[in-house]
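Here are some short exercises to work through with the structure on your screen. Try each task before you read its solution.

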Amino acid sequence: MLKPLGDRVVIEVLEAEEKTASGIVLPDSAKEKPQEGKVVAVGTGRVLDNGTKEPLEVAEGDHIIFSKYSGTEVTFDGQDLLIIRENDILAVVK
Amino acid sequence: MLKPLGDRVVIEVLEAEEKTASGIVLPDSAKEKPQEGKVVAVGTGRVLDNGTKEPLEVAEGDHIIFSKYSGTEVTFDGQDLLIIRENDILAVVK
Amino acid sequence: MLKPLGDRVVIEVLEAEEKTASGIVLPDSAKEKPQEGKVVAVGTGRVLDNGTKEPLEVAEGDHIIFSKYSGTEVTFDGQDLLIIRENDILAVVK
Amino acid sequence: MLKPLGDRVVIEVLEAEEKTASGIVLPDSAKEKPQEGKVVAVGTGRVLDNGTKEPLEVAEGDHIIFSKYSGTEVTFDGQDLLIIRENDILAVVK
Amino acid sequence: MLKPLGDRVVIEVLEAEEKTASGIVLPDSAKEKPQEGKVVAVGTGRVLDNGTKEPLEVAEGDHIIFSKYSGTEVTFDGQDLLIIRENDILAVVK
Amino acid sequence: MLKPLGDRVVIEVLEAEEKTASGIVLPDSAKEKPQEGKVVAVGTGRVLDNGTKEPLEVAEGDHIIFSKYSGTEVTFDGQDLLIIRENDILAVVK
Amino acid sequence: MLKPLGDRVVIEVLEAEEKTASGIVLPDSAKEKPQEGKVVAVGTGRVLDNGTKEPLEVAEGDHIIFSKYSGTEVTFDGQDLLIIRENDILAVVK
């Protein structure tokens, strides 16, 4: 298991479907939008200046939208994962 | 539903009308001004150094003016939205 | 009405008279000085790290001097306005 | 009257005499040193992160030395003044 | 023994195996991913603005993943080690 | 008298002797080292975020070593002085 | 004696031996690693935002490893010393 440090989050990237339902390939520009992912593990939070630890807003299993090109790719147990900071997560899909 | 994180806001961009009432097309320079939008969802706020969470000033449904070119475009449920930080919102139209 | 966010201020720019009383046109260099404006609306203030909100020093109706080229132009109800941060206001004319 | 905001100070620049007592013109390099001024008005101070306002160290009438090229020139009531931040004031001449 | 200062950590780099189980050499791009290491010694922690010392999240013996190219190489007692800041550690492998 | 503001210090620069005891002129590189000075006047200190004023570590009369090229030269009462921030003082010679 | 200010430390640089035990000259790259030194004097510490002074982690006599190219060289009483900030010290050799 990977336990991220601080305000980091381990995510599994959800590949955007490159074809629409009717089979039309999307132009490249459309793929420059942020990516979606699933939260696999979260850190214990960020330490504030007053010494308290602020827990993360996201939790394991959350479906998220995050800034493209953020984070670091890792391969763990044969699975491609991404470790990003919570600040690079834009929104949770509910 | 998209739930933005922290001090982020999801907005629906209100397209500026490119023609005036009398049908005259506005010059490009006029379109470089900030854009208008409608707040669709707001984050839970920004965590201050003393550990409290400062709620956002804007609320769902607010009509706002925001800095052009700020934020990240997302397409959700076939709707084009923009996720921006509250700091890029200049004013609320009341 | 435009309600600016945080430490922002909406101002109406007061155009510098380009001629002196005796009708002499001022040289360009003289026009590079800061501009004058009238405060139209003020934000609720800046949130400090201790969680309190610091109200603005300026108030609606104040005649101010502000740094040229600061802020963002907006057109609202056919009126050209400028939204600036209080930090770009140099002084109040009393 | 000009009332500067925050930690700003309005000063009247004291022109350096370009000739020495014996009438010798000083070389340019000598004129690159900081300038002297007289404080005309002071702001109410800088707001600290704990919410208190720190009053300025200088007061109206003080004879000061300040960093050349700092601040913004304003012309008010036909008088050329300079608005600078207290941080650009190096010392008070006593 | 090396005792790192503050939020620093001494690690022993675990070399990535350049061949897969079946003996195939991995392409270079695959080796640009973050590196793995074993924590040899940890500092006493980072001093917060409120004067308390925040201990590190990692401990001696932890198996970690860290950002490639971070830290400073040292040779101590004939052993090649790396001194990095805890902030460059992405996750602990558990 | 010059009273420096905040964490500033007025110093009299002590010229490095360009010849050694035996009369040998030192090479230029040797003169790139930090300079020595004598403290002539000190500011009242730096205001911390909690509103207290931290007095300076150096006092009038101290013999100090400071970073070359730091500070601003002033001529006061015919004396060449330098106004620097305490942060540019490396050590006190005791 | 040199008394460094704040979080500064005076160190005596320990020259790396350029030959190994068997007399082989090390290649240049090997000499780009951090340097070792002995702490000669330490400052009183860094003032935190809450007004307390955080004493240094290192003490006089400590054998340290520090980042190459950091600090300022000084010659004092004929001895070549280096004044660095504690933050440039990587570890203490125990």
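**Exercise 1. Find the residue that stands opposite G:Gly37, and describe how the strands around it pair.**

Step 1. In this predicted model, G:Gly37 stands opposite G:Ile64, which belongs to strand 6 of chain G.

Step 2. Now look at the pairing as a whole: strand 3 and strand 6 (residues 63-66) of chain G are antiparallel and share 4 bridges.

Step 3. Strand 3 (residues 35-42) of chain G also pairs with strand 2 (residues 8-14) of chain G, again antiparallel, through 6 bridges. Here you can spot G:Val10 opposite G:Ala41.

**Exercise 2. Work out the strand order of the open sheet, and say which strands stand at its edges.**

Step 1. Remember that strands of a sheet pair through backbone hydrogen bonds, either parallel or antiparallel.

Step 2. Trace the sheet from one end to the other: its 7 strands follow the order 1(E)-9(G)-6(G)-3(G)-2(G)-8(G)-7(G), with antiparallel pairing.

Step 3. Strand 1 (2-4) of chain E and strand 7 (72-76) of chain G each have a single partner strand, so one side of each lacks a neighbour in the sheet; these are the edges.

Step 4. Ignoring direction, neighbouring strands of this sheet are turned by 40° against each other on average.

Step 5. Zoom in on the edge in chain G: strand 7 pairs with strand 8 (residues 79-85) over 5 bridges, in the antiparallel sense. In this pair, G:Thr72 faces G:Ile83.

**Exercise 3. Decide whether E:Ser70 is buried or exposed, and list its surroundings.**

Step 1. Locate E:Ser70 in the loop between strand 6 (63-66) and strand 7 (72-76) of chain E.

Step 2. Its relative accessibility is 12%. The cut-off for buried is under 20%, so E:Ser70 counts as buried.

Step 3. Leaving aside neighbours within four places in sequence, E:Ser70 is in contact with E:Leu82, E:Ile84 and E:Asp88.

Step 4. A polar atom of the E:Ser70 side chain also lies 2.6 Å from the backbone oxygen of E:Ser67.

**Exercise 4. Describe the interface of chain A and chain B: how many residues are in contact, and how much area is buried?**

Step 1. Count the contacts: 18 residues of chain A are in contact with 22 residues of chain B.

Step 2. The buried area is about 1700 Å², and carbon and sulfur atoms give 54% of it.

Step 3. Look for the main contributors in chain A: A:Lys33, A:Glu57 and A:Leu90 supply 33% of the area chain A buries against chain B, more than any other three residues.

Key
Residues numbered from 1 in each chain as written. Chains lettered and ligands numbered in written order. Predicted model: local features only at pLDDT ≥ 70, side-chain atom pairs only at ≥ 80, totals over all residues. Heavy atoms only, no water. Pairing = 2+ DSSP bridges. Helix = DSSP H or I, 4+ residues; strand = E, 2+ residues; numbered from the N terminus. Buried < 20%, exposed > 50% of the residue type's maximum accessible area, 1.4 Å probe, protein only. Polar contact = N/O pair within 3.5 Å; in protein donor to acceptor, adjacent residues only side chain to side chain. Contact = heavy atoms within 4.5 Å. Axes fitted to C-alpha atoms, helices over the stretch in contact; angles between N-to-C directions. Buried area = accessible area lost by both parts, 1.4 Å probe.
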